[in-house]
Amino acid sequence: MKIKEKLYFNGDILTLEDKQLYVEAILTKNNKIFKVGTKEECEKVASEDVELIDLKGKTLMPSFIDAHSHFSGYASSFTQVDLSEVVNFKDIKEVIQKFIKKNNIPKGKWIQANGYDQNFLDEKMHPTLELLDEAAPDNPLLCKHKSGHMGVFNSLGLKEMGITVDTPNPDGGIIEKKDGKLTGYLEEAAYMNYIQRLPMVSSEEFMGSLIKAQNAYASYGITTVQEGFVITQLAPIFQYLIQAKLLKIDLIGFMDVAKADELKEKFANCLNKYDNHVKIGGYKTFLDGSPQGRTAWMRTPYLGEKENYYAYGTQSDEELEAKLELALKENMQILVHCNGDAACEQYINQYALAKKKIKSTNEIRPVIIHAQLLDRDQLDRVKDLNMIPSFFIAHVYHWGDIHIKNFGMERASRISLAKDALNKEILFTFHQDAPVIEPNMLETIWCAVNRITKNGVLLGADERIPAIEALKAVTKNAAYQYFEEDIKGTIKEGKLADLVILDKNILKVEPMEIKNIQVLETIKEGESIFKK
C-alpha cells in the first residue's frame, strides 16, 4: 500500500498541547500525525510524493469529539416530521398533514413527529389528543418533545400501544389521565418504555439515514460520535455497520446497564475496542428528566402553579448502587443522565457508597450527563470521586429564558457551572445531545464563552469561561472522557490525524463572533470526509 503523506503549513495550526499551543507545520502519514514542527523539519522527513497543503491563513486544529448524543436518534430524525419550527397548534396540524400527503403515507402506518417544545408554542401547553386525532385521523401518531423525555400519542397510537385508562403508571413515569380519560401525554419512564416498542422504518431507509447523520456530524467538524443509549433493537444495526464498513467516523456506544449481560454478549467483538469504527465504551442509565420539561429532579421546588413540586427520580438508591457496583466490578465506564441537583446528589452519594462497599480501585471515569443543575456545594465531591461532568452548556442559549421562568434568575444563573468546575480543576466536557439540538460545536463554544439567552439575557456572567477552555471541552477533555487521550484530542506525533480546518481562529475572533466561524474541511485519520 502506498503511503499517503500530507504536509499542512501557512496557517494557524492550533495543537491544544500545553507545552506548544501553535506550530508552523505538521506532516501526516496515512492515518497518523507523523511530524509536528517547522515546515523545514516536516519536509526533511517527507517523501517526494508528499501532498503540500497551503492553509492560506486558515486554522487547522484537532477535530471535535462528541461527548454525548444519540447517533441513531439523530439519524431517525431525518425520517420524521420536523416540528422544530412550529409556533402553535395550527402549525403542528398543518406540518403533519403536509408530511402525510408529500410522502403518500398509507392508512395505518405509524407517523413520528419530533421537535416540539410547549415552552415556545403560543398555547404554552403540550399538543392535545384531539389535535393529533385531527392531524392524523387514519394513522397512529406520536409527537415527541424536543427534550426526548416526553411526548403525546393520538388515539390510534394509544390503541396500537395497548394503553388504556387502566394502564398503571410505571415507577418514575406518568401516563396522564384527566377526568377519567387518557390525554395521550406520557413522560419519563412511561414514555421511554413505549417508544422502544415503536416499529422501525425499513432497513434500507434507516441505513440511508445513518449515512446522512454521519455526513451531518462531519459537516460540524466531528470525527467521533456517541450512541448514548444502546438498546437490544440497535444490536443488528451496529453489527451491520461493522460488517458493511459503512462508517468513516468513530462511533462509541453505551449499553443500557439494565440489559448488561444480554448486550455484552451481542457486542463481544467491540467491547472497549474498535471494530471498523464501532466501539462499546460502557454502560448508561437515567436518573431524571429535563428542566425545560419540568421533570429534572430538584432539591428546591420549581416556580409556578404547582406548589412544592420538585419533579422526581427514576430509580431507588438500591437500584442505582447495584448498577454502579456492576460497572466498578467489571471496570466499565458508566454514563448517568442527571439534570437536576437531586439526581446529581443521588448519583454522587451512591457512587461513593459503591466504591467504598466493594473497595474498588478501578477508575472508570464516571460521567454526569448534562449536569445542568449540579450545584456548587456538590463540586468538591465530584472532584474527589474523579467524576466527569458533561455539561449541556448550549441550554443557556436555547432554554435559558425557560430556566429563569422555572427556577428564578439566581438559580438559573447556576446552570452548567463550567467556570466553577474549571476553578476547582475538575475536568469537564460539553455536548449537544443530538437530536435535541444540532451537533454544532461552534455554537456550543460560543454559548460557554458568552452565556447569552435567546432573549439576550446574560445568564451567569461569573460562569463564562475563556475560549481555549471551551475548546478543550470538545477536543482534549472529550478524548480523556473516552479513555482516548493517547490517540485523540490534540495535535501530537503518533496520534490519529483527526483534524478540522476552520475559516477563522476561535482564539483570535471576538467572543460574539465564534458561532459564525465556518467548518471548511473535516479529516478523519488522514482522509477528508467533508469539504464545504
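1. Over the face of which residue does Arg 365 lie, and at what distance from the ring centre? Arg 365 lies over Tyr 480, at 3.5 Å from the centre of the ring. The model under review is predicted. A further contact of a charge with a ring involves Lys 515, whose charged end sits over Tyr 397 at 5.7 Å from the ring centre.

2. The search of the whole structure for aromatic pairs returns 13. In one of them, Phe 71 and Tyr 217, the ring centres are 5.9 Å apart and the planes meet at 40°; the pair is therefore classed as tilted, since this angle falls neither under 30 degrees nor over 60. The pair links distant parts of the chain: Phe 71 belongs to helix α2 (residues 71-76) and Tyr 217 to helix α7 (residues 203-219), 146 residues apart.

3. Phe 71 has a relative accessible area of 1% and is buried; Tyr 217, at 0%, is buried as well. Ring pairs also join Phe 71 and Tyr 217 with Tyr 74 and Phe 78 in a cluster.

4. Phe 428 and Phe 430 form an aromatic pair that is tilted, with 5.5 Å from centre to centre and 40° between the planes. Both of these residues are buried.

5. An open sheet of six strands has the order β7-β8-β9-β10-β12-β11, with mixed pairing. Its edge strands, β7 (81-82) and β11 (173-178), each pair on one side only. Within the sheet, β10 (residues 150-153) and β12 (residues 181-188) run antiparallel and are joined by three bridges. Gly 151 has Leu 186 as its bridge partner in β12.

Key
Residues are numbered from 1 along each chain as its sequence is written. This is a predicted model: local features need pLDDT of at least 70, side-chain atom pairs count only at pLDDT 80 or more; totals for chains, interfaces and linings use all residues. Side-chain values use heavy atoms; hydrogens and water are left out. Two strands pair if DSSP finds at least two bridges between them. Helices (H or I, at least four residues) and strands (E, at least two) are DSSP runs, numbered from the N terminus. Rings of Phe, Tyr and Trp (its six-membered ring) pair if their centres lie within 6.5 Å; planes under 30 degrees apart count as stacked, over 60 as edge-to-face and the rest as tilted. Buried means under 20% relative accessible area, exposed over 50%, partly exposed in between (1.4 Å probe, protein chains only). A charge sits over a ring if NZ of Lys or CZ of Arg is within 6 Å of the ring centre and within 35 degrees of the ring normal.
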